[in-house]
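User: Please walk me through this model by question and answer. Keep it brisk.

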Amino acid sequence: MAADIRNLADEEVMQLVGDGNAQAFEVLYDRHGGAAYSLAYRMVGNRLTAEDITQEGFLSIWRSRLRYDPARGSVRTWVLGIVHNRAIDAVRHGAMHERRRQAIAGVEERHEAPERTEVEAARREEARSVRTALDALPDDQRRPIELAYFGGYSHSQIAELLDEPIGTVKGRIRLGLHKLRRQLAERSAAGGFA
Amino acid sequence: MSARDHASYRDDVGAYLLGALTDLERQAFERHLAGCPECRDELERLHPAAASLPRSVEQVEPPPGLKTSLMELVEREARERSSLPAPRRRRRLSLPRLAFARPLIAGVALALGVVAGIVLADKGTRTEVATVDERRVPGASARLQIEGDGENGAILRVQGMPSLARGRVYQAWVQRDGRIVPQPTFEVGQRGGGAVAIPDDVHDADAVMVTREPRGGSRAPSERPLLMVPL
């Protein structure tokens, strides 16, 4: 492996991936595969399905030579967006909801990633920070946000689950995101994370 | 746009960012977004909060076999690609400089999609034949009918395309100056026939292509094209 590629910034690695460079793709996976798998696992609660989703997401980046546009955010946000779309597809069109409930009930064993590098430690810290901001939201705003983003539920399903009018659910999602944005900005300003 | 219009859409911004609108609602919201700077501002404001959500999850270790099997596939495909003899074809099939199309652009494309079907009528047309990925869609064919110089879009007609699983649709794309612009989604009948209006100006496009996407369409293709009409 060209150590040179490992020293490149994400944006430059993506240029090489777009040119069909398998080594650059491996670097991309090493940097973001864990976060992608973690997101998929959080959404489907099942290792095998999370593996499938992560593999499909990364293969779609490789095979379609998707070009990353820095104007739309970081490479990590972009990769996670691709995996999130795949996972939403899986939970909406599979029998995932039931599996996820089982997983939430503790059927799946946990397999927390060890902190091996400074980067991983920083990501854990970032995750903790976002979770703290999310947990600080009022329940009636946090729950619809989590059900929508991680559960793949539509707002009408959420309204049914929470026994609230649809308009109320949509309004609370918007208010909750506003509050989350402010909290993240404050934490960022206070040196929480960039 | 009336104030009432805006008020009825304002609360959709959050649900839209989290993917919680139905397909119809999403399309209506994107049409509204195209003409509402306030909602676009709100979308930009809330985007970082939505983008932070995947970063909140507890990090778990992917099984090592995942990387092994992924890299086996990728390295094999990289070797196959490098042994392809026809550089022109390879260039055509690559998707350089993909633009991460903004929801707004998708919305405008969808809005135009309604118009295009009406605009394209009877004037002199030319037909371009698609190159088909025979391995993935064996027996399929497609033709692109372009009216005049293509400034008013085109119609793509497909035949022999397989029916897709529930929740999956075909989506058309226009490649131009290294960017891939989303076009409407479409489905095929029992015999695999179907058509889709391409609302984008295709007169300076490099290619029109088709992929399989989740219902509602994607902002960027999630797989290699199943078929491609080089222009």
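**Chain contacts, helix packing and cores**

Analyst: In this predicted model, 54 residues of chain B are in contact with 65 residues of chain A; contact means that C-beta atoms, placed from the backbone, lie within 7 Å. Local features need pLDDT of at least 70 and side-chain atom pairs 80 or more, while totals for chains, interfaces and linings use all residues. Residues are numbered from 1 along each chain as its sequence is written, with chains lettered from A and ligands numbered from 1 in the order written.

User: Which helix gives the most to the side of chain B that touches chain A?

Analyst: Helices here are DSSP runs of H or I, at least four residues, and strands are E runs of at least two, numbered from the N terminus. On that side of chain B, H2 (12-17), H4 (37-52) and H5 each supply at least two residues. The top contributor, with nine residues, is H5(B).

User: How do H3 of chain A and H5 of chain B pack, roughly parallel or roughly antiparallel?

Analyst: Helix H3 (residues 22-44) of chain A and helix H5 (residues 64-82) of chain B have axes 11 Å apart, at an angle of about 150°. Axes are lines fitted to C-alpha atoms, for helices over the stretch in contact, and angles run from 0 to 180 degrees between N-to-C directions. Under 35 degrees counts as roughly parallel, over 145 as roughly antiparallel, 65 to 115 as roughly perpendicular and the rest as oblique. The angle therefore makes H3(A) and H5(B) roughly antiparallel.

User: How many nonpolar residues are in the contact of H3(A) with H5(B)?

Analyst: From H3(A), the residues include A:Phe25, A:Tyr29 and A:Gly33; among those they meet in H5(B) are B:Leu70 and B:Val74. Ala, Val, Leu, Ile, Met, Phe, Trp, Tyr, Cys and Pro count as nonpolar, Asp, Glu, Lys and Arg as charged, and the others, Gly among them, as polar. The contact has one polar and three charged residues, and the nonpolar count is nine.

User: Which helix supplies the largest share of the largest nonpolar core?

Analyst: A nonpolar core joins buried Ala, Val, Leu, Ile, Met, Phe, Trp, Tyr and Cys residues through C-beta atoms within 7 Å; buried means 20 or more other C-beta atoms within 10 Å of the residue's own, all placed from the backbone. This core has 68 residues, and A:Leu39, A:Ala87 and B:Leu18 are among those touching the most other members. The largest share, 13 residues, comes from H3(A).

User: How many helices does chain A have?

Analyst: Of its 194 residues, 44% count as buried. Chain A has zero strands, and its helices number 10.

How values were computed:
Two residues are in contact if their C-beta atoms, placed from the backbone, lie within 7 Å. A residue is buried if 20 or more other C-beta atoms lie within 10 Å of its own, exposed if 12 or fewer, and partly exposed in between; C-beta atoms are placed from the backbone.
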